[in-house]
Amino acid sequence: TQQHTLTLTLTLAHIHNVMKGFVTLPLQLAADEDDSAAVHTLFYKEHVVRKREADLPARRTLFVANVPHWNQEAVLRHVFEAAGPIQLVRLDKSVLTAKHLTQHTSSSVAYVVFQQEAGLRAALAFDPSRARLLPAPELTGLKKWAKEYAEARPDPAVLKKTVDERIAQFDDNAKAKAAALANSGPDDDGWTVVAHSRKTGAAAAGAGPVDGEKAKRKKKKNKGELKDFYRFQQLEARKEHIAALRRRFDEDKEKMALLRSQRKFRPY
């Protein structure tokens, strides 16, 4: 329809404006077990900047974008050596964002330096309609990421064995230190080093697990109800204290009266 034709025309125009000045070069993996026909596109142009770098000479350097994430330098050499001898391939990952790194996208850029200017001109003249075949890596895509995931995590049996060995080694070292301290006598000044122990009471005397449980139950039983915890308990405690003071005051008054009545000396 006319609307679809107009949309496609606008889309192509937008792509043309975005990639203006770049040469497109499709890359395709050689037929593998999955017979994948996916195409990866390189975008490159002559590297022209105002501030020159010593290792990126003018008229011999290509700026390449959308570099594949696998065997990047080998892929670039394989593609552009058809244009001429290559002096240097420099990968630049400084333009990568955190999103690119976490999503495994192939948005890194690189610089390809030819030994002669003719190599640059030949690379810019590549036919963009013909895909370059690349040797397929051993693993790609989901299989590659699954292998990396598995290699990054140890086998549970190996991990358990390693942890057990480390714990046993730690226990042996602790026992050896304790034995060395126990066997060490007083020093020249008469001081004896005593090893610190967390065990106290029945545990220090060698009480068994049954005695330990009894001690815990007794301690828990002795705790009982918390006293003076609630407000009404505090009020009741104050009342009882005041009543006790009054009783003691009355008792003291009676004792004083009794002592006065038993006096034998009465001057009047």
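Glu53 is partly exposed, with a relative accessible area of 39%, and in this predicted model the residue offers a useful way into the charged pairs of the protein. Its partner is Arg90, with which Glu53 forms a salt bridge whose closest N and O atoms are 3.1 Å apart. Because Arg90 belongs to strand 4 (residues 86–92) while Glu53 sits in the loop between strand 2 and strand 3, the pair ties together parts that are 37 residues apart in sequence. Arg90, with a relative accessible area of 23%, is partly exposed.

**Salt bridges**

Side chains of opposite charge can pair when their charged atoms come close. The count for this model comes to 7 salt bridges, and the table sets out three of them, including the pair already described.

| Salt bridge | Closest N and O atoms | Relative accessible area or accessibility |
|---|---|---|
| Arg90 and Glu53 | 3.1 Å | Arg90 23%, Glu53 39% |
| Glu117 and Arg121 | 3.9 Å | Glu117 34%, Arg121 53% |
| Lys147 and Glu151 | 4.0 Å | Lys147 39%, Glu151 59% |

Glu117 and Arg121 both lie in helix 4, 4 residues apart, which is about one turn of the helix. Of these two residues, Glu117 is partly exposed at a relative accessible area of 34%, whereas Arg121, at 53% relative accessibility, counts as exposed.

The pair of Lys147 and Glu151 is found in helix 5 (residues 141–151), where the two residues are 4 residues apart and therefore separated by about one helical turn. Lys147 counts as partly exposed at 39% relative accessibility, while Glu151 counts as exposed at 59%. Returning to the loop and strand 4, salt bridges that share partners join Glu53, Asp55 and Arg90 into one network.

**Strands around strand 3**

Strand 3 (residues 61–67) is mostly covered, since 6 of its 7 residues are buried. Strand 3 pairs with strand 2 (residues 39–46) in the antiparallel sense over 4 bridges, and across this pairing Lys45 stands opposite Phe63 in strand 3. Strand 3 also pairs in the antiparallel sense with strand 5 (residues 108–114), here over 5 bridges, and the bridge partner of Leu62 in strand 5 is Val112.

**A nonpolar patch**

On the surface, Leu159, Val163 and Ile167 form a nonpolar patch, with about 250 Å² of accessible area together. Leu159 lies in helix 6 (residues 156–183), and this residue counts as partly exposed because its relative accessibility is 45%.

**Confidence in the model**

The protein averages a pLDDT of 77, and 68% of the residues score at least 70. Among its elements, helix 4 (residues 117–124), which holds the pair of Glu117 and Arg121, has the highest mean pLDDT, at 95, whereas helix 3 (residues 98–102) has the lowest, at 46. Over residues 6–14 the pLDDT is below 50, and this stretch has 0 contacts in the model beyond near neighbours in sequence. The pLDDT likewise stays under 50 over residues 202–208, for which the model has 2 contacts beyond four places in sequence. Where pLDDT is low, the predicted coordinates should not be read in detail.

Key. Residues are numbered from 1 along each chain as its sequence is written. This is a predicted model: local features need pLDDT of at least 70, side-chain atom pairs count only at pLDDT 80 or more; totals for chains, interfaces and linings use all residues. Side-chain values use heavy atoms; hydrogens and water are left out. pLDDT is the predictor's confidence in each residue, from 0 to 100. Contact means heavy atoms within 4.5 Å. Buried means under 20% relative accessible area, exposed over 50%, partly exposed in between (1.4 Å probe, protein chains only). Two strands pair if DSSP finds at least two bridges between them. Patches are made of residues with over 30% relative accessible area and no salt bridge: like charges are joined within 9 Å, nonpolar side chains (Val, Leu, Ile, Met, Phe, Trp, Tyr) within 5 Å. Accessible areas come from the Shrake-Rupley method with a 1.4 Å probe; for residues, only the protein chains shown count as cover. A salt bridge is a side-chain nitrogen of Lys or Arg within 4 Å of a carboxyl oxygen of Asp or Glu.
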